[in-house]
Amino acid sequence: MQKHDEEGTVQGLYTHQHRLQVLHDIERKSWRFIAQNEAPYIGICHTTLSRIYRGIAPRDKGVCGKLNITRYALAPACVKCGKVHTTRDCVDARKPTRKPRWVGTLGHAGGEWRYDK
């Protein structure tokens with residue numbers, strides 16, 4: 001089980017997920033009944049409760065605030081460079097370069113050879 005921080009997304013989501021499992025599976029209450037009558041979930045849409053039950057974090061700021069779930073979690077650091085990225089791939093990692101090749105130029109007196117970069 002992952003724990004990001006004291007009141008982070010994963011821990012808070014797991015807490016509500018477990019509570020909804022008890023209400024829905026063990027006590028056999030419907031999602032609509034839970035949304036209308038159970039204390040922390042009153043006023044939250046029954047489909048949102050079903051998504052939390054399945055482990056999907058709510059997107060709405062109001063729902064996250066009502067359930068005390070932070071919307072963001074700590075991002076893992078990149079193994080290659082040690083920074084946190086906003087893109088999928090590491091932009092600071094060294095990209096493979098092609099070998100320079102010899103290029104001949106025809107000019108005055110037979111030309112010259114140089115590296116092409």
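Student: Where is Arg-28 found?

Tutor: Arg-28 sits in the loop between helix H1, residues 9–26, and helix H2, residues 31–37. Keep in mind that this is a predicted model.

Student: Why is Arg-28 called exposed?

Tutor: Its relative accessibility is 66%. The cut-off for exposed is over 50%, so Arg-28 counts as exposed.

Student: What else can you tell me about the backbone at Arg-28?

Tutor: Arg-28 has a positive phi of about 60 degrees, although it is not a glycine. Asn-68 also has a positive phi of about 60 degrees, and Asn-68 is not a glycine either.

Student: Where is Asn-68, and is it buried or exposed?

Tutor: You'll find Asn-68 in the loop between helix H4 (61–66) and strand S1 (101–105). Its relative accessibility is 53%. Exposed means over 50%, so Asn-68 counts as exposed.

Student: Thr-86 is in the loop between H4 and S1 too. What makes Thr-86 exposed?

Tutor: Thr-86 comes in at 84% relative accessibility. Set that against the cut-off of over 50%, and Thr-86 is therefore exposed. As for distances, the C-alpha atoms of Thr-86 and Ala-75 are separated by 9.2 Å, and these two residues are 11 apart along the chain.

Student: Let's go to helix H1, where Gln-17 is. How do you know whether Gln-17 is buried or exposed?

Tutor: Look at the value: Gln-17 has 15% relative accessibility. Buried means under 20%, so Gln-17 counts as buried.

Student: Which residues is Gln-17 in contact with, leaving aside its neighbours within four places in sequence?

Tutor: Gln-17 is in contact with Ile-52, Tyr-53, Arg-54 and Gly-55.

Student: How many aromatic pairs are there?

Tutor: The count comes to one aromatic pair. Trp-31 and Tyr-53 form it, with 5.0 Å centre to centre and 65 degrees between the planes.

Student: Why is that pair called edge-to-face?

Tutor: Ring centres have to lie within 6.5 Å to pair, and planes over 60 degrees apart count as edge-to-face. At 5.0 Å and 65 degrees, Trp-31 and Tyr-53 meet both conditions, so the pair is edge-to-face.

Student: What makes this a link between distant parts of the chain?

Tutor: Trp-31 is in helix H2 and Tyr-53 is in helix H3, residues 46–53, and the two are 22 residues apart.

Student: Why is Trp-31 called buried, and why is Tyr-53 called partly exposed?

Tutor: Trp-31 has a relative accessible area of 15%, and buried means under 20%, so Trp-31 is buried. Tyr-53 has 22% relative accessibility. Partly exposed lies between the 20% and 50% cut-offs, so Tyr-53 counts as partly exposed.

Technical notes
Residues numbered from 1 in each chain as written. Predicted model: local features only at pLDDT ≥ 70, side-chain atom pairs only at ≥ 80, totals over all residues. Heavy atoms only, no water. Helix = DSSP H or I, 4+ residues; strand = E, 2+ residues; numbered from the N terminus. Buried < 20%, exposed > 50% of the residue type's maximum accessible area, 1.4 Å probe, protein only. Contact = heavy atoms within 4.5 Å. Phe/Tyr/Trp six-rings, centres within 6.5 Å; stacked < 30°, edge-to-face > 60°.
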